[in-house]
Amino acid sequence: MSWKAKRNGNIYCAPACGGKCTWEMYLKAKERGEHCARELGKGWTVRVSENLGWYATVLSPCRRIKVSVHPVTGVPVETLMGTLNTYTAFLGDADDIAGGTWAEHGDTPAEAVNAVVATARAALSKMNARIHGLPYWKGKQRAS
Ligand SMILES: [Zn+2]
């Protein structure tokens with residue numbers, strides 16, 4: 001089944017989804033993504049995707065950071081712009097389709113992005129400390 005969304009009145013949904021997602025949900029997700037991209041600055045791009053609802057992901061210019069925008073639940077959809085979203089930033093390789101090696105949340109896009117970079121730096125420091133000063137053992141090596 002196709003993941004290409006079809007518009008039928010207020011429904012905007014792909015056959016493979018089947019969640020009767022609406023055109024309004026799509027527009028809201030797009031708006032949330034654009035707001036997030038503007039907050040993060042030049043070169044960040046919005047990707048809107050569907051899976052039982054419409055979701056916005058914002059990609060860094062280098063594409064290693066992906067920020068997913070989550071509307072706060074229990075709040076009327078009309079009020080979901082800007083500060084009422086939460087954000088999850090993922091840090092991985094540029095060609096990771098989803099997610100990344102690290103993920104952190106934030107109440108603003110910058111908070112989430114700074115948190116994920118800090119977490120990655122801390123993890124790498126810890127790894128570097130773990131291997132610091134280990135010698136290279138000479139001796140017999142397996143013939144390759
Ligand atoms: Zn759908």
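In which strand is the place of S49? In this predicted model, S49 sits in strand β3, which covers residues 45-50.

**View 1. Surroundings of S49 in strand β3.** S49 counts as partly exposed because 15 C-beta neighbours lie inside 10 Å, a number that falls short of the 20 required for a buried residue but exceeds the limit of 12 for an exposed one. When residues up to four places away in sequence are not counted, S49 touches Y55 and T57. The C-alpha atom of S49 is separated by 53 Å from that of K138, a residue 89 places further off along the chain.

**View 2. The open sheet of five strands.** The strands follow the order β3-β4-β5-β6-β7 and pair in antiparallel fashion, with β3 and β7 (102-106) as the edge strands, each of which pairs on one side only. Direction ignored, neighbouring strands of this sheet are turned by 25° against each other on average. Within the sheet, strand β5 (residues 65-71) and strand β6 (residues 85-91) run antiparallel and are joined by seven bridges; V67 stands opposite A89 in β6.

**View 3. Helices α1 and α2 on the strands and against each other.** Helix α1 lies across β3, β4 (54-59), β5 and β6, and runs at about 20° to β4, whereas helix α2 lies across β5, β6 and β7, and runs at about 145° to β7. The two helices, α1 (residues 23-40) and α2 (residues 109-131), pack at an angle of about 65° with their axes 9 Å apart. At their contact, C36, E39 and L40 in α1 meet P109, A110 and V113 in α2, and by class this contact has five nonpolar residues, no polar residues and one charged residue.

**View 4. Helix α2, its buried residues and the residue just after the helix.** Helix α2 has 23 residues and reaches 34 Å from its first C-alpha to its last, which is close to the 33 Å expected at 1.5 Å a residue. Its buried residues are P109, A112, V113 and V116, and the buried residues of α2 pack against α1, β5, β6 and β7. An α-helix has 3.6 residues a turn, so residues three or four places apart point the same way. Just after α2, G133 takes a positive phi of about 80°.

**View 5. The largest nonpolar core, centred here on V67.** This core has 25 residues, and those with the most contacts inside it are C36, V58, V67 and A89. At least two residues of the core come from each of β2, α1, β3, β4, β5, β6 and α2, and α1 gives the most, with six residues. Leaving aside neighbours within four places in sequence, V67 is in contact with C36, T57, V58, Y87, T88, A89, P109, A112 and V113.

**View 6. G19 in the loop between β2 and α1.** The loop that holds G19 follows β2 (11-13) and leads to α1. G19 counts as partly exposed because 14 C-beta neighbours lie inside 10 Å. Although G19 and N51 are 32 residues apart in sequence, their C-alpha atoms are 7.7 Å apart in space. Beyond neighbours within four places in sequence, G19 is in contact with C13, L52 and G53.

Technical notes. Residues are numbered from 1 along each chain as its sequence is written. This is a predicted model: local features need pLDDT of at least 70, side-chain atom pairs count only at pLDDT 80 or more; totals for chains, interfaces and linings use all residues. Helices (H or I, at least four residues) and strands (E, at least two) are DSSP runs, numbered from the N terminus. Two residues are in contact if their C-beta atoms, placed from the backbone, lie within 7 Å. Axes are lines fitted to C-alpha atoms, for helices over the stretch in contact, and angles run from 0 to 180 degrees between N-to-C directions. Ala, Val, Leu, Ile, Met, Phe, Trp, Tyr, Cys and Pro count as nonpolar, Asp, Glu, Lys and Arg as charged, and the others, Gly among them, as polar. Two strands pair if DSSP finds at least two bridges between them. The expected span of a helix is 1.5 Å times one less than its number of residues. A nonpolar core is a set of buried Ala, Val, Leu, Ile, Met, Phe, Trp, Tyr and Cys residues joined through C-beta atoms within 7 Å.
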